[in-house]
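Here is a short briefing to read alongside the structure. Topics are grouped so that you can follow each one on screen.

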Amino acid sequence: MAIHIYIYTLYTAVLSTLIAAVIGVETAFFTSHRRFFGRRFLLAAGIVPLCVPPLVIALGYVSFFGVNGIVSGWLKAIANAAGGHFDGLTFLYTTLGVVVAQGFYNFPLVTRIVNDAWERLPRDNENAARLLGAGEGRIFFTITLPRLSGAIAAACIPVFLFCFFSFMIVLLFSPPGNSTLEVELYHSVRTTLEIGSGAIIALIETVTAMGIVFAYSYVIRKNQIGVEGLSFTRNVRSRIGGQAFETRSARAVEIAGFVVLGVLALLFFVGPGIAVLISSFTIKQNNAEVFGLGLFRGLFGSATFWKAFLNSLLIGLCTSALCCFISFVYSVVIRMKGKQQKVLFQLIPVMPMAISSVVTGWVLSLVFGGGNVVVLVLCQTLLFWPIGYKQIQNGMNQLTSDTQNAAFILSRGRLDCAMRFYLPSCRKVIFTAFCYCFAVSIGDATLPLVLAIPGFSTLALYTYRLAGAFRFNQACACAVVMILMAMFPTSLRGAKRRGNLQ
């Protein structure tokens, strides 16, 4: 393995993480301190890196920024009107395209984590510094940033790992001659069949990721944000540029920063998503674009599509059920044993973050003598159960010790306590965990591609093959179906909740 592949992998992951961090932290300031239209959308978008597959993001960028994308079409029209010539944007298929796509794809996750920490910080220290004449910049760098450093690191480390193990975006956008460890590993074990080279690559990227995961666990333990004493000041959000203590120049800078963030979010986050939706309804006929349902009719009339649809549904249900079962059992065990704060038990749920999908699929296919549906479910369960565990553990943390002790006294045993106390108490977060795991399973194209199960396809893999055949509009239509399918359990819960309210 050439050293430049390792350096290129780190280079793209670091730059992508920096973009996500800068945009995410600045956005977190506005979501935690200001009120504005779209605030809830930005916070809700924190689940996008977990639930929206990178393949859909890649399709969105192709539809929006590609040579024949929406932005290129606008620029071509402007150039033609001015009597010039424009061939279309080409930055997408460069390192810049990889970094921008990964950075803006993950920034809502940084925003969500830092926002939650920032909202819990008392503002008494900042207000005292203002009374003493300190400027906003000095207050941020000397008071606020040190207290937020743990939350920022806790957000950036998972983002770095997501970018370090990035597969689909790099596979589609990486320029010729440049590759990452994950892509090279896939080519080694599936294309060139160089098993020795693949083993070396797998070892190098796993060791690197393990170091990052240990750093992540250390940061989580040492820098958890808590309330520092009592605060008698209520944290009230003001409008943009509406703080009474701000100078006129500071207000102008804040408004300008918000406008820049809004433009960037619209261009590189919202725009690609809308482009996928528009492309799914666009058909080219006689060199003209016609809007209609033709692409969806073509999909629904294909037996291959329905086979992939049913396969995705089956795999998603099995994976989600197993993930929730493992997460619930693990949460109950460490809760009953009082091991929540032990380093080892905190580290186990984050260990899958250090193992890539390609490595997991390859190793298990070797163990079981090839890829099959059972191996696919096992691979997804091993990789995705920490997502469900995070949700269930949050629900467990809401249960008080007094209530738990009362449940122990009134139960016949630990199993009875788990079934009659923990399970009913956590049913809502268990369903939330199921929805997350189901969405991630539906959007996973990497494991089905690596396992290469004969005669087997999923919606994600079907979408990838359409995109690989340059049938981007059909791929976008399939991606829309895939997203709706992933959102279906959540919509059922929302409908049930509305029914209860009525």
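Let's start in helix α17, where I387 is found. I387 counts as buried, because its relative accessibility is 18% and the buried class runs under 20%. Please keep in mind that this is a predicted model. The briefing goes on from I387 to the surface of α17, then to salt bridges, helix packing and two backbone angles.

**Helix α17 and the nonpolar patch**

- From I387 to F456 the separation is 69 residues in sequence, and their C-alpha atoms are 26 Å apart in space.
- Helix α17 also holds V374, and V374 is exposed, with 55% relative accessible area.
- The exposed label for V374 follows because its 55% falls in the class over 50%.
- V374 belongs to a nonpolar surface patch of about 440 Å², together with V363, V367, F368 and L378.
- Two helices, α16 (357–367) and α17 (373–396), each give at least two residues to this nonpolar patch.
- So α17 carries both the buried I387 and the exposed V374.

**Salt bridges**

How many salt bridges does a search of the whole structure find? The search gives four, and three of them are described here, beginning with E254 and R34.

- E254 and R34 join their side chains in a salt bridge, with an N to O distance of 2.7 Å.
- This pair ties together distant parts of the chain, 220 residues apart: E254 sits in helix α12 (residues 248–280) and R34 in strand β1 (residues 34–35).
- Both partners are buried: E254 has 7% relative accessibility, and R34 has a relative accessible area of 2%.
- R39 and E119 form another salt bridge through their side chains, at 3.0 Å from N to O.
- The R39 and E119 pair also links distant parts of the chain, with R39 in helix α2 (residues 39–44), E119 in helix α6, and the two positions 80 residues apart.
- Buried or partly exposed, where do these two partners fall? R39 counts as buried at 13% relative accessibility, whereas E119 counts as partly exposed at 27%.
- That split follows because R39, at 13%, is under the 20% limit for buried residues, while E119, at 27%, lies between that limit and the 50% mark for exposed ones.
- R112 and D116 make a salt bridge in which the closest N and O atoms are 3.8 Å apart.
- R112 and D116 both lie in helix α6, four residues apart, which is about one turn of the helix.
- Each partner in that pair is partly exposed: R112 has a relative accessible area of 35%, and D116 has 31% relative accessibility.

**Helix packing**

Two packed helices are described by the angle between their axes and the distance between the axes.

- Helix α6 (residues 95–120) packs with helix α8 (residues 136–164) at an angle of about 140°, and their axes are 9 Å apart.
- The helices α6 and α8 are therefore oblique to each other, since roughly antiparallel would need an angle over 145 degrees.
- α6 and α8 cross in a right-handed manner.
- Helix α18 (residues 401–410) packs with helix α19 (residues 414–425) at an angle of about 140°, with 9 Å between their axes.
- That angle makes α18 oblique to α19.
- The crossing in which α18 passes α19 is right-handed.

**Positive phi outside glycine**

Which residues other than glycine have a positive phi here? A452 and F470 are two to look up.

- A452 has a phi near 50°, a positive value in a residue other than glycine.
- The loop between α21 (446–451) and α22 (459–468) is where A452 lies.
- A452 is partly exposed, with a relative accessible area of 44%.
- F470 shows a positive phi of about 60°, although this residue is not a glycine.
- F470 is placed in the loop between α22 and α23 (472–501).
- With 66% relative accessibility, F470 counts as exposed.

Conventions
Residues are numbered from 1 along each chain as its sequence is written. This is a predicted model: local features need pLDDT of at least 70, side-chain atom pairs count only at pLDDT 80 or more; totals for chains, interfaces and linings use all residues. Side-chain values use heavy atoms; hydrogens and water are left out. Patches are made of residues with over 30% relative accessible area and no salt bridge: like charges are joined within 9 Å, nonpolar side chains (Val, Leu, Ile, Met, Phe, Trp, Tyr) within 5 Å. Accessible areas come from the Shrake-Rupley method with a 1.4 Å probe; for residues, only the protein chains shown count as cover. Buried means under 20% relative accessible area, exposed over 50%, partly exposed in between (1.4 Å probe, protein chains only). Axes are lines fitted to C-alpha atoms, for helices over the stretch in contact, and angles run from 0 to 180 degrees between N-to-C directions. Angles under 35 degrees count as roughly parallel, over 145 as roughly antiparallel, 65 to 115 as roughly perpendicular and the rest as oblique. A crossing is left-handed if the near helix is turned anticlockwise from the far one by less than a right angle, and right-handed if clockwise.
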